[in-house]
Amino acid sequence: MSAAASARQILTQLHEVMASRMYAQGKLDRVVEIVGENLDSEVCSIYLLREGMLELFATRGLNQAAVHVTRMALGEGLTGTIAEKSETLNLAEAKAHPDFQYRPETGEEKYHSFAGVPIIYRERAVGVLCVQHVEPRRYEEVEIEALQTTAMVLSELITNNDMVDEEDAAGLNPAQSGPLTINGLSLAKGLASGFAVFHQPRVTINQVVADDTEAERQRVYRAFDKMREGIDTMTSQAEFRVGGEHEEVLETYKMFAYDEGWSRRINEAIDSGLTAEAAIERVQQRTRMRMREIDDPLLADRMHDLEDLSNRLLRIVSGQLGTAATQGLRRDTILIAKNLGPAELLEYDRRKLKGVVLEEGSLTSHVVIVARAMGVPVLGRARGLRAIVRDGDQILVDADAATAMIRPGQQVLDAFEARFAKSRERQALYAELRDVEPFTRCGTRIKVMMNAGLRDDISNLNLVGADGIGLFRTEFQFLVSATLPQREKQFRLYRDVLDGAGDKPVIFRTVDIGGDKAVPYLRSGEAENDENPAMGWRALRLALEREGLLKVQARALIEAAAGKVLHVMFPMVSAPWEFDAAKAVFEAQLKYLKAQKKTLPETIKYGAMLEVPALAEVLDLLIPKLSFLSVGTNDLTQFLFAADRANPKLAERYDWLSPAILRFMRRIALATEGQDVELGICGEMGGRRLEALALLGLGFRRLSITPVSVGPIKELVRKVDLKEIGEAMTGWLSQPPEDMRSTLKDWAEAHGIDVE
Ligand code: PEP
Ligand code: MG
């Protein structure tokens with residue numbers, strides 16, 4: 001019989017067993033018989049994980065009395081080793097293996113050869129399937145493959161019958177998987193503990209044995225076509241054609257995608273009777289096993305590409321294209337991804353999402369800003385993350401120390417809990433400041449406002465004791481909608497926000513979409529051709545040209561603020577006429593609503609964001625038109641340094657505390673001095689203690705920051721003497737020290753100001 005034919009024979013028999021109405025135990029008993037008969041082996045046994053131990057669940061050949069009696073720990077004996085390392089063993093002489101352990105109750109002393117494979121469930125070994133022979137022999141590859149295929153069927157059986165506890169599945173350490181710490185870049189501070197969930201989840205295989213082999217083959221063909229098409233499109237996109245790392249990665253991808261050997265092996269697996277999904281997984285398991293034997297870091301990288309691709313193919317073939325958000329989070333979660341868009345993050349349940357770890361990411365990318373708004377710590381730049389972490393791993397994120405502990409041991413857990421407690425203590429301290437007005441040591445009242453963008457954020461306003469909302473990012477509503485939010489919907493959100501804020505001011509920023517805040521429904525036409533979206537058709541530029549957009553928003557805002565003060569702020573103003581044009585849209589709506597005899601806002605205060613450096617040159621022309629000016633340091637610094645704020649490679653390159661930025665900020669502060677305009681800052685820079693100290697020294701008196709920073713910044717403000725820091729800043733700006741950051745830090749320490 002050919003290898004494929006014998007494999008198919010086993011599968012057909014297994015299929016019948018699976019489809020039968022037997023109890024799970026009965027099915028296991030049949031499976032060991034089928035495998036034993038087909039492989040002509042005296043012994044076939046199944047061990048499954050129960051309460052952290054591997055327990056003999058079914059056997060042909062060993063003493064039946066040992067069933068549910070023989071138990072071993074992970075790493076104990078050959079079976080324990082297979083489960084712990086998730087690896088296959090193929091031994092002509094079992095006793096010669098260093099991990100061999102003899103169990104007298106099983107009566108296995110007469111058997112010499114041994115082969116075993118792990119039973120994998122959700123990427124973890126939850127059991128072992130093994131065969132033994134009296135005669136010493138090594139098993140052939142087809143036999144090992146038959147065992148692996150049977151193990152896949154068993155994993156289906158285990159899934160469908162809930163035969164392994166969640167805790168058991170999660171608690172078992174998979175291959176080479178002791179506790180690990182990865183270092184990264186702290187993107188949103190805080191501590192978090194939870195279980196790993198991949199943003200792009202691995203596909204669960206529900207059916208291993210095919211009903212119709214030809215149909216499965218067609219499914220795989222179609223999936224290959226679709227996957228290759230997608231990769232071709234990606235490689236032909238302008239942004240990837242410029243060479244460098246991207247191109248290399250994509251070329252490798254392409255090479256794998258078109259690899260004849262890969263598709264042939266999948267086809268062979270289908271020939272043996274597997275479904276398309278099982279065939280892809282089966283081939284991937286085999287590749288993984290081979291790769292593990294070759295200890296080469298370069299190959300490991302390539303392996304990762306192939307895993308990615310294989311997973312992509314699986315998703316296409318199974319139609320499981322959604323992210324983990326669509327499936328819903330079941331418990332405290334640490335989200336794992338290469339990178340994410342802000343809209344994708346917003347889809348997650350805020351109650352369950354405790355932390356995020358990314359392979360990429362940068363401080364001012366919008367996904368990070370959204371995470372901060374959600375109060376979720378983010379660790380970025382965690383290299384090799386997805387290769388190390390498995391779905392369901394316990395993870396402790398310490399974004400303060402820029403690390404994440406994967407599969408922590410008890411000691412680490414205890415230490416983390418102690419830090420958690422300390423951090424809660426600190427939070428309690430900040431909470432005490434909630435109703436305390438932030439006056440500096442010298443008696444100046446500093447306005448500490450918060451940034452927001454979601455309806456739920458409003459509750460934070462009183463919780464953290466901010467002076468108001470200095471930046472309400474109205475585009476968040478646009479990001480979470482599948483279509484352009486209707487006026488009525490916008491109106492309701494703005495009204496709720498104003499109601500929730502009570503007497504405290506809310507500065508609504510008109511939509512800032514485009515750049516890294518792409519919305520699919522607006523991507524038609526011009527924006528699609530933006531090669532440089534951050535400097536392209538975005539924010540006010542887009543809003544002014546799609547007048548329908550700004551008009552609708554103006555109307556919704558004006559109506560929502562009936563009888564109240566409305567603060568409107570325009571983003572990305574690059575020249576004074578843009579401010580005039582945007583204001584004119586609001587004034588026209590105001591006029592229209594007045595004619596309609598609607599209740600109007602008590603007054604409308606207009607402001608602009610300074611994010612484009614050119615605006616600093618014409619502040620004398622712009623300021624007389626404004627009630628307030630808010631510096632958006634996120635965009636401003638990306639334009640000042642010509643450094644994409646979302647590019648992870650530039651994430652650590654330029655410092656907010658560099659003379660270039662500080663001098664620029666000083667210049668803005670001087671331009672507004674003595675003018676009837678309120679100056680503030682609403683970029684992420686203001687929420688960091690050391691940076692905030694510098695800004696106070698430069699003359700900024702209003703900071704709008706992420707809610708979790710309100711407490712720490714209020715506390716800082718109370719320790720500052722503006723004259724002292726002002727003079728120090730003047731000195732440093734005229735003669736910048738080599739390292740402004742550490743100079744400022746030393747100064748703060750010497751003045752009793754804690755800046756960490
Ligand atoms: C900024 O650019 O600093 C800012 C506050 O706006 P956003 O981060 O939303 O672009
Ligand atoms: Mg901006």
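This is a conversation between a biologist and a modeller about reading a predicted protein model.

Biologist: I'm new here. How many helices and strands should I expect to find?

Modeller: Keep in mind that the model is predicted. The protein has 28 helices and 22 strands. Its C-alpha trace spans about 95 × 55 × 45 Å along the principal axes.

Biologist: And what share of the residues is buried?

Modeller: Of the 756 residues, 55% are buried. On the outside, the protein exposes about 32600 Å², with carbon and sulfur atoms supplying 49% of that.

Biologist: What do the contacts say about how the chain folds back on itself?

Modeller: Look at sequence separation. Among contacts with a separation of 6 or more, 68% are between residues 24 or more positions apart.

Biologist: Let's go to the metal. Which residues are the protein donors of the magnesium ion?

Modeller: For ligand 2, the magnesium ion, they are Glu 611, through OE, and Asp 635, through OD, at 1.9 to 2.0 Å. Glu 611 sits in the loop between β19 (603-610) and α22 (619-622), while Asp 635 belongs to helix α23 (residues 633-640), so the two tie together parts 24 residues apart in sequence.

Biologist: Are those two donors buried or exposed?

Modeller: Glu 611 is buried, at 2% relative accessibility. Asp 635 is buried too, with a relative accessible area of 2%.

Biologist: Since Asp 635 is in α23, how many residues of that helix are buried?

Modeller: Seven of its eight, so α23 is largely enclosed by the rest of the structure. The buried ones are Thr 633, Asn 634, Asp 635, Leu 636, Thr 637, Gln 638 and Phe 639.

Biologist: What covers them?

Modeller: The cover includes α13 (366-374), β16 (469-473), β19, β20, α24 (659-672) and β21 (678-681). Following α23 you come to Ala 642, which has a positive phi near 50°.

Biologist: Now charges. What is the general idea behind a salt bridge?

Modeller: Side chains of opposite charge can pair when their charged atoms come close. In this protein there are 94 positive and 112 negative side chains, and the centres of the two sets lie 6 Å apart. A search of the whole structure turns up 46 salt bridges.

Biologist: Can you show me one with its partners' surroundings?

Modeller: Try Arg 50 and Glu 55, whose side chains meet at 2.8 Å, N to O. Arg 50 is partly exposed, with a relative accessible area of 36%, whereas Glu 55 is buried at 3%.

Biologist: Which parts of the chain does the bridge between Lys 625 and Asp 580 link?

Modeller: In that salt bridge, the closest N and O atoms are 3.1 Å apart. The pair links distant parts of the chain: Lys 625 is in the loop between α22 and β20 (628-631), and Asp 580 is in helix α21 (residues 576-595), 45 residues apart. Lys 625 is partly exposed at 33% relative accessibility, and Asp 580 is partly exposed at 32%.

Biologist: Is there a bridge that joins two helices?

Modeller: Yes, look at Arg 741 and Glu 691, which meet at 2.6 Å, N to O. Arg 741 lies in helix α28 (residues 740-750) and Glu 691 in helix α25, so this pair ties together parts 50 residues apart in sequence. Arg 741 is partly exposed, at 25% relative accessibility, but Glu 691 is buried, at 2%.

Biologist: What about the rest of α25?

Modeller: Ten of the ten residues of α25 (residues 689-698) are buried, so the helix is largely enclosed by the rest of the structure. Among them are Arg 689, Leu 690, Ala 692 and Gly 697. Just after α25, Gly 699 has a positive phi of about 110°.

Biologist: Which residues are linked in a network of salt bridges?

Modeller: Glu 475, Arg 509, Asp 512, Arg 538, Asp 635 and Arg 645. You've already met Asp 635 as a magnesium donor.

Biologist: One last spot: where is Gly 502?

Modeller: Gly 502 is in the loop between α18 (487-501) and β17 (506-509). Gly 502 is partly exposed, with a relative accessible area of 46%. From its C-alpha atom to that of Arg 645 is 34 Å, and the two residues are 143 apart along the chain.

Key
Residues are numbered from 1 along each chain as its sequence is written. Chains are lettered from A and ligands numbered from 1 in the order in which they are written. This is a predicted model: local features need pLDDT of at least 70, side-chain atom pairs count only at pLDDT 80 or more; totals for chains, interfaces and linings use all residues. Side-chain values use heavy atoms; hydrogens and water are left out. Helices (H or I, at least four residues) and strands (E, at least two) are DSSP runs, numbered from the N terminus. Buried means under 20% relative accessible area, exposed over 50%, partly exposed in between (1.4 Å probe, protein chains only). Contact means heavy atoms within 4.5 Å. Accessible areas come from the Shrake-Rupley method with a 1.4 Å probe; for residues, only the protein chains shown count as cover. Lys and Arg count as positive and Asp and Glu as negative; His and the chain ends are not counted. The place of a charge is taken as NZ of Lys, CZ of Arg, CG of Asp or CD of Glu. Donors are N, O and S atoms within 2.8 Å of the metal (3.2 Å for Na, K and Ca); water is not among the atoms, so sites may look incomplete. A salt bridge is a side-chain nitrogen of Lys or Arg within 4 Å of a carboxyl oxygen of Asp or Glu.
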